[in-house]
Structures are given as structure tokens and as C-alpha cells.
Amino acid sequence: MSELGCSLTDEQLTKPTTDHISRVMEQLLDLFMGFSADDHSQMKFSGMDVFDHPEIHEFSIGQLAFNRSIWKLMHASGVHDFGHKDIAKPEYPRLRKIFSAVINFAKFREEKVATFEQFVENTVSARTFAQQHAVVAQHALLRSNADSMLSDAQEGLHQQKAEVDAKFEELTSQLHHLRAQRAMLPAREGSSGDLGAPVGE
């Protein structure tokens, strides 16, 4: 994993802990998707101010975004059975499979970039407009092939953020309604007590 810029020793791989594997996953998200730990810890959603402890929900929503993003990356890398257990209770055989798939995916991207760079070098001497147009078209094709899976992952991240934001709007509306009902309860209880007073006497 060192070639990807991730700090992971042999001992940490054979005897993994949840905290360290979580940090490695954060590094992978930052490398492939530009989604850092600071990003998911600072995510804000409308309606958070109505809760008594909004900071608790901010962490939960950020963690949800992180989990879904890492799942998208693993799916793009070919690890279709990746789950929360792989982080919560990491095991060496599974981690070895997961990280091997991620490294292969990184190599695939590097090969595509190298192919593109070689293509550009071979076409530097192109002088006509038609030749230049062909270079641009080939460039677009190579980038599309290399980044299509990551684009799907990033689109999924934006979509799930919108879904979570919509869910919070719904919960906020429900909470306001419940608080309005609760505010009416003391008045009703007082009225019931007055009606019962003459009977007691």
C-alpha cells in the first residue's frame, strides 16, 4: 500500500485494528475521490438546529457519507461483497483481498494515464486542424475509459447526500409537529382538573 501513499505496515495488516483500517480507507478516498476525513466530518444539513444535540447527528450523517463513498470505491475496484464488517472487524485474509483489488485498480488508472501521455508525445508534431481534433477526441476517450467507474462513485455520493438532506427535511417537519402537539398538553390537563374540582367537594 505504500505505493499508494497509505501508511500500512505488515504487522498492521496481519493484526489490523478498526481505527487504523478506517484511517487507511480515508486515505484511499482522498486519493481516488478527493473526499477527505475533514469533508465528511464537516457535512451540514438543513434542519440540524432543531435537535437538542445537533453535533451527534452531524457525525452520524458524515459517517454515513463516508461508508457509502468507500463502498462505491470498493465496488469500482471489483470488491462487490465489501461491508461494514470489513472495517469494524477487519481480518487479514479479507484485507489482503480488498487492498489487492484497490492496487490493481490504481495500476489500471496509471496504465491509462501512461497510454494517454504516450499518445500525446507521438502526436506533438501534428500540424493540421484535423490531426489536432483527433488528439482531443482520443484524449476524451482515454479519460472516459479510465475514470468512468470513479465518476459513478462520485455521482453516487452527491445523490446520497441529496437523499439524506431530503430525509432530514421530512424529520424536521415531523419534529415541529410533535412539539406543537406537546405544547398543547398542559392546557388540556389544567382544564380537566378544573372540571373535576366541584365533584371532589
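**Aromatic pairs and a buried serine**

1. Phe32 and Phe105 are both buried. This holds for a predicted model. For Phe105 the relative accessibility is 4%, so this residue counts as buried.

2. How many aromatic pairs does the structure hold? There are 2. One of them joins Phe32 and Phe105. Their ring centres lie 5.6 Å apart, and the planes meet at 35°, so this pair is tilted.

3. Where do the two rings sit? Phe32 belongs to helix H2 (residues 18-33). Phe105 belongs to helix H6 (residues 92-122). The pair therefore ties together parts that are 73 residues apart in sequence.

4. Phe105 also pairs with Phe108. This pair is stacked. The centres are 6.5 Å apart, with 20° between the planes. Both residues lie in helix H6, 3 residues apart, so about one helical turn separates them.

5. Is Phe108 buried or exposed? Phe108 is partly exposed, because its relative accessible area is 28%, between the 20% and 50% cut-offs. Phe105, at 4%, is buried.

6. Taken together, the ring pairs link Phe32, Phe105 and Phe108 into a cluster.

7. Now to another residue. Ser69 is in helix H4 (residues 54-77). Its relative accessible area is 1%, so Ser69 is buried.

8. Which residues does Ser69 contact, leaving aside neighbours within four places in sequence? They are Leu29, Met33, Phe35 and Leu157.

Terms used: Residues are numbered from 1 along each chain as its sequence is written. This is a predicted model: local features need pLDDT of at least 70, side-chain atom pairs count only at pLDDT 80 or more; totals for chains, interfaces and linings use all residues. Side-chain values use heavy atoms; hydrogens and water are left out. Rings of Phe, Tyr and Trp (its six-membered ring) pair if their centres lie within 6.5 Å; planes under 30 degrees apart count as stacked, over 60 as edge-to-face and the rest as tilted. Helices (H or I, at least four residues) and strands (E, at least two) are DSSP runs, numbered from the N terminus. Buried means under 20% relative accessible area, exposed over 50%, partly exposed in between (1.4 Å probe, protein chains only). Contact means heavy atoms within 4.5 Å.
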